[in-house]
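Q: Please take a close look at one strand of this structure and the strands beside it. A second group of strands may follow for context.

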Amino acid sequence: MSKSVPAFLQDEVSGSVMSVYSGDFGNLEVKGNIQFAIDYVDSLKELHVFVAQCKDLAAADVKKQRSDPYVKTYLLPDKGKMGKKKTFVLKKTLNPVYNEILRYKIEKQILKTQKLNVSVWHRDTFKRNSFLGEVELDLETWDWDNKQNKQLKWYPLKRKTAPVALEAENRGEMKLALQYVPEPNPGKKLPTTGEVHIWVKECLDLPLLRGSHLNSFVKCTILPDTSRKSRQKTRAVGKTTSPVFNHTMVYDGFRPEDLTEACVELTVWDHYKLTNQFLGGLRIGFGTGKSYGTEVDWMDSTSEEVALWEKMVESPNTWIEATLPLRMLLIAKISK
């Protein structure tokens, strides 16, 4: 068993430390515009996306008012590598100029069944990506013969509305059990704080992002404590979309009132080389939208997640088991 102590008694409430980084979608304000043009070159049987520039993007580095943006395009519903193209990353700018052509080898008839998703991302020094906005064009109704449609146009960037990869798709499930132990050391004269035990049993039907390869692990953080000592994780299990972890994590320092304010954040990741790709997650708590009197984004548990937490609180010293669907989360940044 691994063990760590969440710093509930500290003043830090992480509504103010939500990161620009999540596994694939960040928490930045979406603003600004992108200029691009599309054309189908019949002689080459290619779709050309000419990405010209962006202006007035959100700043991932708020202090220095800059981002390291790049543009990524997908032909949906193809979400694999064949459907993804991207520009170079431009450093330290909110007004990047790319002038790059992204090419797709595709039959025109097939193109009419596609949507073109153009999204802008910040890439930090650790190769983590933050979503800055997107535009989506339905190619089924696109008039390829209209010369106006081949001209560069400015499009306002929008918040995420459609699946770039997995937003509206099944992200799989997690089978787990929780237990609240009010007094781990009964009989002691001094009052003791309780423990929350989290037993991550297995995940089921995880999505594949890299063809048939998957090397998944589960990470746990007890919010509002975003310090590194609050983070625990399982080992990585490869070559299966239904990995069995059978890993128990123990967090102590829980006073009864902390159960109302805290939230167990469990996230599933695919580890590949030096990067981790977010697959889905859970937030198990009361879902009140507040923690210690402060409104926070992460206190957003679904009804199923709330039900599991309520049963755990109502049945101390008892394992409460559930199988919950994984979902998209805005991930809280781990502070030092």
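A: What follows describes one strand, then a separate heading on an open sheet.

The model is predicted. The strand in question is β10, which covers residues 173–181. Of its 9 residues, 7 are buried, that is, under 20% relative accessible area. Strand β10 is therefore largely enclosed by the rest of the structure.

Strand β10 has pairing partners in β20 and β11. Strand β20, residues 320–325, pairs with β10 in the antiparallel sense, over 6 bridges. In this pairing, Glu-173 of β10 stands opposite Pro-325 of β20. Strand β11, residues 194–204, also runs antiparallel to β10, and 9 bridges join them. Here Val-181 stands opposite Glu-195 in β11. Strands of a sheet pair through backbone hydrogen bonds, either parallel or antiparallel. In a regular strand the side chains alternate between the two faces of the sheet.

Now the open sheet. It consists of 4 strands in the order β6-β3-β2-β9, and the pairing is antiparallel. Its edge strands are β6, residues 97–105, and β9, residues 153–156, each of which pairs on one side only. On average, neighbouring strands of this sheet are turned by 30 degrees against each other, with direction ignored.

One pairing in the open sheet can be followed down to a residue pair. Strand β3, residues 46–55, runs antiparallel to β6 and is joined to it by 7 bridges. Within that pairing, Phe-50 has Ile-101 of β6 as its bridge partner.

Methods
Residues are numbered from 1 along each chain as its sequence is written. This is a predicted model: local features need pLDDT of at least 70, side-chain atom pairs count only at pLDDT 80 or more; totals for chains, interfaces and linings use all residues. Side-chain values use heavy atoms; hydrogens and water are left out. Buried means under 20% relative accessible area, exposed over 50%, partly exposed in between (1.4 Å probe, protein chains only). Helices (H or I, at least four residues) and strands (E, at least two) are DSSP runs, numbered from the N terminus. Two strands pair if DSSP finds at least two bridges between them. Axes are lines fitted to C-alpha atoms, for helices over the stretch in contact, and angles run from 0 to 180 degrees between N-to-C directions.
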